[in-house]
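Please read the following walk through the model with the coordinates open beside the text, moving from the packing of individual helices to the charged side chains and then to the chain as a whole.

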Amino acid sequence: MAAIANTLSVFEAQAYAKMVAPFRVREVGSKAWMRQHNIVEQLNIQAHQNALTKHDEFVVEAILEAEKVPTLIHHLLATEAWREKVFPHLKDCVKSSASIKVYVALYHEATVCNLLEVLMYHENICEGGGDAMCELADYCYRKLLRLSTKRIKPPKPKAKLDAKAALAAAISSSHSSTDTLTEQAKKIEYSTAMCCITLARFLTDHLGSLPVSVPRQLLDHLDLPMVLVPLMEAAPWQRRSSKGIEKYVEGQWLKIERKDRLRLSKLEAQVWLTLYNLLMDQRWRSLYEFTNYRKDVLVRLKRYLNDILKDQLPLLKDLQRLLEELSLMKMPAAAKPLHLITPVASIRESVYRTESGKEREEEEWKNIALELVKSVFAENSKDRQEEMRALAEVYSGGAIDALLEDPKCSECGSPATKRCSSCESDWYCGRKCQVKAWKRHKPLCKLLTEATKRKAKTHTASGSKDKIKNKNKNSLESKAKALIQEVKVEEVKIDRLKIEEIKPQTINAKEVKTETESKQGKETAMRCLDENGEAVSGANEDSRGVDDMLALEEIE
């Protein structure tokens with residue numbers, strides 16, 4: 001895999017994590033809110049890059065250090081409230097020119113959910129969430145319940161139309177921005193619900209690190225196993241199209257061959273692992289009271305536990321044994337529920353209630369929608385161009401492309417081989433689809449092109465500054481080297497002068513040395529002569545004494 005350039009550095013990720021802040025529902029779409037969305041989106045892209053490359057996950061550490069997990073959960077719940085309460089009143093009033101901003105507001109929920117999906121893999125993030133994890137569990141429960149009851153359905157595959165039908169569809173969709181926004185909202189809700197399956201699995205993986213209220217809420221208050229069994233039966237991760245059976249894998253619908261239909265997808269495995277964590281761990285199993293109703297629902301899972309499934313997930317053999325035991329057991333009567341203290345959903349209440357503490361009525365939500373249409377989502381908003389440029393800078397570049405799979409045509413969905421030459425964002429299977437999509441793609445293409453040009457200008461400006469700095473640096477270095485060389489030359493000259501001054505002194509010293517040596521030689525020679533002279537005289541005297549003695553003997 002080719003190396004992926006980081007979107008953010010470590011220090012930028014730390015700064016961005018500190019800048020993440022909560023917002024009110026009436027602020028969605030504002031300039032400050034758009035800044036928050038760009039920050040969270042860049043953190044999300046960088047977190048996925050780190051997870052993909054198995055690099056140092058500094059985004060996780062930055063969010064944990066800044067204690068922003070509850071704030072991200074606040075983003076999730078506030079955007080959910082905006083989509084459920086404000087968007088239905090707003091979608092009919094928004095002009096087509098401001099529809100991109102509405103889509104960004106809807107997409108923010110998927111962005112936060114996707115970021116939490118990466119973060120929740122780490123146990124310390126679950127610990128850092130504190131009591132806010134109860135509200136995240138409640139959010140996941142609502143999504144899974146809607147999936148199991150088929151209120152959230154997989155998006156319908158695009159049917160192949162003939163020329164007349166395609167022309168009629170193009171004409172009808174050209175003036176129905178409301179239907180387009182509604183369809184996009186459904187797709188985003190489906191993708192967030194799929195993320196919630198993974199979030200539920202990570203919650204049950206780290207139940208031991210969460211507050212005591214979280215397992216109590218999942219097992220007693222929400223009764224999550226009773227939602228997971230119908231979810232397994234509904235199988236919202238697969239659909240039937242003209243190509244055959246398709247499964248939702250990594251955000252894409254892939255055709256499943258007949259021989260691979262019993263192969264587990266990641267989402268199916270997440271549901272089985274969540275059930276295993278809740279029912280097979282003795283700590284949580286003791287909190288779950290098995291009644292006749294719960295036994296009847298759980299036993300319905302036995303028909304899925306075949307040998308092929310157990311080969312793929314061997315730990316399901318223990319779950320099968322438990323289900324066999326339950327089917328043979330006679331359940332006792334339901335005991336009286338314990339009155340446990342559960343934490344108040346403070347984040348959700350702050351979103352759905354006014355400052356006085358009263359719950360918002362439908363009329364108030366409608367007033368918020370009308371207020372946003374007049375100010376934030378107006379057709380000629382002052383800040384819209386600047387906000388779209390900032391948004392284009394976030395999504396332009398190769399960081400996102402590196403995380404995506406093989407490109408698909410943005411018009412028909414078939415494999416694409418050609419790309420828009422101006423913005424390089426949308427892919428097409430041919431010129432025909434590109435011409436069809438041009439009216440829709442033109443404003444976005446213009447924004448992305450301007451964003452890339454601005455980036456190129458900043459890079460060239462910074463590059464020219466670096467070149468000037470390098471030139472100045474090189475000139476300074478050359479000047480310094482020249483000065484050092486001059487100093488060395490001067491030092492050599494000074495050394496030569498000193499040597500010339502010292503030379504006569506050394507000659508005189510040599511002469512003095514020779515003179516002193518000659519004098520010393522003369523003195524030693526004279527001393528030697530004197531000593532010899534004394535010795536000779538002494539010898540003469542001795543000889544004279546011997547002669548005298550001989551003479552005396554003769555006389556006697």
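In helix α3, which spans residues 58–66, the buried residues are Phe-58, Val-59, Val-60, Ala-62 and Ile-63. These buried residues pack against several other helices, namely α1 (10–19), α2 (31–53), α4 (69–90), α5 (99–119) and α6 (123–129). Just after α3 the backbone reaches Glu-67, which takes a positive phi of about 60°. As with everything described here, these values come from a predicted model, and they are to be read as computed properties of that model.

A second view of helix packing is offered by Thr-198, a residue placed in helix α9. Its relative accessibility is 6%, and because buried means under 20% relative accessible area, Thr-198 counts as buried. When its neighbours within four places in sequence are left aside, Thr-198 is in contact with Glu-117, Leu-267 and Gln-270.

Helix α9, which covers residues 177–205, also holds Glu-183 and Lys-187, four residues apart and thus separated by about one turn of the helix. The side chains of Glu-183 and Lys-187 meet in a salt bridge, with an N to O distance of 3.8 Å. Neither partner is buried: Glu-183 is partly exposed, with a relative accessible area of 44%, and Lys-187 is likewise partly exposed, at 41%.

The salt bridge within α9 belongs to a wider set, for the structure holds 24 salt bridges. One of them joins the side chains of Arg-283 and Asp-281, where the N to O distance is 3.0 Å. Arg-283 is partly exposed at 48% relative accessibility, while Asp-281 is partly exposed at 24%.

Another salt bridge is formed by Glu-324 with Lys-302, whose closest N and O atoms are 3.6 Å apart. This pair links distant parts of the chain, since Glu-324 lies in helix α16 (residues 316–328) and Lys-302 in the loop between α14 (292–298) and α15 (307–312), 22 residues apart. Here, too, both ends are partly exposed, with relative accessible areas of 34% for Glu-324 and 29% for Lys-302.

Salt bridges can also join up beyond single pairs, as they do where Arg-83, Glu-109, Lys-143, Arg-146 and Glu-189 are linked in a network of salt bridges.

Which residues form a positive surface patch? The patch is made by Lys-150, Lys-153, Lys-156 and Lys-186. Of these, Lys-153 is found in the loop between α7 (132–148) and α8 (163–174). Because exposed means over 50% relative accessible area, Lys-153, at 59% relative accessibility, counts as exposed. A residue enters such a patch only if it has no salt bridge, so the lysines of this patch are to be read apart from the paired charges described above.

Seen as a whole, the chain has a secondary structure that comes to 21 helices and five strands. Of its 556 residues, buried residues make up 37%. Among the contacts between residues at least 6 apart in sequence, 75% join residues at least 24 apart. The accessible surface of the chain comes to about 33400 Å², and 54% of that surface belongs to carbon and sulfur atoms.

Definitions and conventions:
Residues numbered from 1 in each chain as written. Predicted model: local features only at pLDDT ≥ 70, side-chain atom pairs only at ≥ 80, totals over all residues. Heavy atoms only, no water. Salt bridge = Lys/Arg side-chain N within 4 Å of Asp/Glu carboxyl O. Helix = DSSP H or I, 4+ residues; strand = E, 2+ residues; numbered from the N terminus. Buried < 20%, exposed > 50% of the residue type's maximum accessible area, 1.4 Å probe, protein only. Patch = residues over 30% accessible without salt bridge, like charges linked within 9 Å, V, L, I, M, F, W, Y side chains within 5 Å. Areas by Shrake-Rupley, 256 points an atom, 1.4 Å probe, with all protein chains shown as cover. Lys, Arg positive; Asp, Glu negative; His and termini not counted. Charge placed at Lys NZ, Arg CZ, Asp CG, Glu CD. Contact = heavy atoms within 4.5 Å.
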